[in-house]
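Welcome! Take a moment to look over the sequence and turn the structure around before reading on.

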Amino acid sequence: MNRPLAITALGIVAATSLLATSAFGVADAPSARTQKVLVIGIDGAMLTKIQAFNTPAMKSLISTGSAAKTSLYASPFAPTVSGPGWATNATGVWPDKHMVKSNNWGTGSNLTQYPDFLTRIERARPELSTYAIADWTPLTTNSAGQAIFSDEIQKKVTLDGDALGWAAADAKIATDAAAYLKDTGPDASFVYFGDVDIAGHSCGAAGACYRKATEQTDKHIATLLSAVRARPTYSNEDWTILVTSDHGHTESGGHGGSSVAERSSFIIRNGPGTTPGTPAVAPKNVDIAAIVLSRFGVVAPDIDGLATPPADPFDSLVGSLQSRLDETGVPADVKGWTHSTPAGWTIDNAGLGTGGVREWQGWSFTTDDFWTRAAPDQSREGNVRARGVFAVADSDEWSDKSRSGLFNSKLSSPAYDVTGATTATVTFSSHYLKSGNETATVLATFDNAAPKAVLTYTADAIAKQERLTIPVPAGARTLKLTWSLTNGDNDWYWAIDNPKVQR
């Protein structure tokens, strides 16, 4: 059982920005009706199993809302265990910020700097009520005083699943939480169930006990939803429902590693602001906190999560993604790479050697699912700040097939208008591993002048969010950016995503 947290600055946005819906479903129009949020955490649950099992409550949420598989990190960034997983969901930041890297984090975390979403709501809007109940004790209390959900929460209930028995503890949570949701109706709540994870360890995700625990948890969720709908003021309330997990399980049981199953999580979303169906670009687990906070107009600029992810030019390539050619470790039905470019973007492979793995001949566009399957356990799983489709220059994987020469490739943006600007601010996510003489450089070209380096990595840059302020020469009208990886000789890789230029 595990989780994470994040935020430093707090604020309020206008209530008129909130969307509304009269039932568990899609948004209809701006509304001043009372906003309510319920986040349900199911430890060790997997969306593929929920969809395959007899789970009518969750399937109803999906059919009138949305559901998406999400992918977590893996070691050395953080293991796929409960502490990092729940801390990420709760704080809206990744483990390199909240620093919960195990199930026994003691005083070594940054949970004070990056608190859970309920604590942020308490601090920003103390007139609102908050509630958390769980039977994995580190979520709500532990001996070091470093519970993921802080003591600032208005009502916090801790049960001990080990002492009570996990099935019995979950049943009590369902009964007690349903009564509190119906009678008190806290504005923001977190309700946690732990028995699915225990079953996963006992019989594996392919086992009968895992199915039984998942289906029983669905009955508990039905109890919660019935209690919400039975509220006397329900017709005047807008309820956002989120269901998620902290990690997955292998078919034989267990987690903590880097397999697709262990890294798997999901977000089921229902209520205001939900776009029905399966998102073309999957959300990230850090988005849960961002969504919750957005419902109450709480601003948290230092979290990694986004309530509404911005448009990214690379994501326009979703429909162009191809199946494997040389990467035999990737299943044949996984589409996840292309050498096609977004409109206005170009790839220059004039200096690229010959041969090599075709998927990685120069800069490519790929997804986490494809790229991490190509070469697990080489820190590609740590590229957490990329979303959807991102760009990769990977001299390591390119060299896995006979080739000659070196990896030299450039990815260039369209020309951005900087007329009249004195500076241009460039932002992008970056995930780079340095090796040998390989060099990663960002170049800026104004009009037809010679390109100049504005960033060169001399060491690893893991899961960074870069922000560069570039002076604009007097009279310059356009700026073109180039990401150049040169002298790669079976070295490592560079992944970038979501490039933006602001003037």
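This report walks through a sheet, a disulfide, some aromatic rings, a helix and a few backbone details.

Please keep in mind from the start that this is a predicted model.

**The sheet**

Let us begin with the strands. An open sheet is built from 6 strands, arranged in the order β12-β15-β16-β25-β20-β23, with antiparallel pairing. Its edge strands are β12 (337-338) and β23 (461-471), each of which pairs on one side only. One of these edges can be followed in detail: strand β20 (residues 423-432) runs antiparallel to β23, and 9 bridges join the two. To find your place along this pairing, look for Ala424, which stands opposite Ile470 in β23.

**The disulfide**

How many disulfides does the structure hold? There is 1 disulfide, and Cys203 and Cys209 form it, with their sulfur atoms 2.0 Å apart. The torsion about the S-S bond of Cys203 and Cys209 is about -115 degrees, so this disulfide is left-handed. Cys203 is partly exposed, at 26% relative accessibility, and Cys209 is also partly exposed, at 27%.

**Aromatic rings**

Across the whole structure, a search finds 21 aromatic pairs. One of them is formed by Trp86 and Phe190, an edge-to-face pair with 5.9 Å from centre to centre and 70 degrees between the planes. Trp86 sits in helix α3 (residues 82-91) while Phe190 belongs to strand β8 (residues 188-193), so the pair ties together parts that are 104 residues apart in sequence. Is Trp86 buried or exposed? Trp86 is buried, with a relative accessible area of 0%, and Phe190 is buried too, at 0% relative accessibility.

Another pair joins Trp492 and Tyr493: their ring centres are 5.9 Å apart and their planes stand at 80 degrees, so this pair is edge-to-face. Here Trp492 is partly exposed, with a relative accessible area of 25%, whereas Tyr493 is buried at 0%.

Ring pairs can also link up into a group. Trp86, Phe117, Phe149, Phe190 and Tyr192 are linked in this way into a cluster.

**A covered helix**

Phe117 from that cluster is also among the buried residues of helix α5. This helix, residues 117-124, is mostly covered, with 7 of its 8 residues buried. Besides Phe117, the buried residues of α5 are Leu118, Thr119, Arg120, Ile121, Glu122 and Ala124. The N-terminal end of α5 is capped by Asp116, which has a side-chain oxygen 3.0 Å from the backbone nitrogen of Leu118.

**Backbone details worth a look**

Most residues other than glycine have a negative phi, and most peptide bonds are trans. With that in mind, here are some places to visit. Ser75 and Pro76 are joined by a cis peptide bond, with omega of about 10 degrees. Pro76 is found in the loop between β5 (66-71) and α3.

The table lists two residues with a positive phi.

| Residue | Phi | Location | Relative accessibility |
|---|---|---|---|
| Asp377 | about 60 degrees | loop between α13 (368-374) and β16 (389-394) | 54%, exposed |
| Asn487 | near 60 degrees | strand β24 (residues 478-488) | 35%, partly exposed |

Neither Asp377 nor Asn487 is a glycine. Asp377 lies in a loop, while Asn487 lies in a strand. The loop that holds Asp377 leads to β16, which you have already met as one of the strands of the open sheet.

Definitions and conventions. Residues are numbered from 1 along each chain as its sequence is written. Side-chain values use heavy atoms; hydrogens and water are left out. Two strands pair if DSSP finds at least two bridges between them. Helices (H or I, at least four residues) and strands (E, at least two) are DSSP runs, numbered from the N terminus. A disulfide is a pair of cysteine sulfur atoms within 2.5 Å. Buried means under 20% relative accessible area, exposed over 50%, partly exposed in between (1.4 Å probe, protein chains only). Rings of Phe, Tyr and Trp (its six-membered ring) pair if their centres lie within 6.5 Å; planes under 30 degrees apart count as stacked, over 60 as edge-to-face and the rest as tilted. A polar contact is a pair of N or O atoms within 3.5 Å; within protein, one must be able to donate a hydrogen and the other to accept it, and residues adjacent in sequence count only if both atoms are side-chain atoms.
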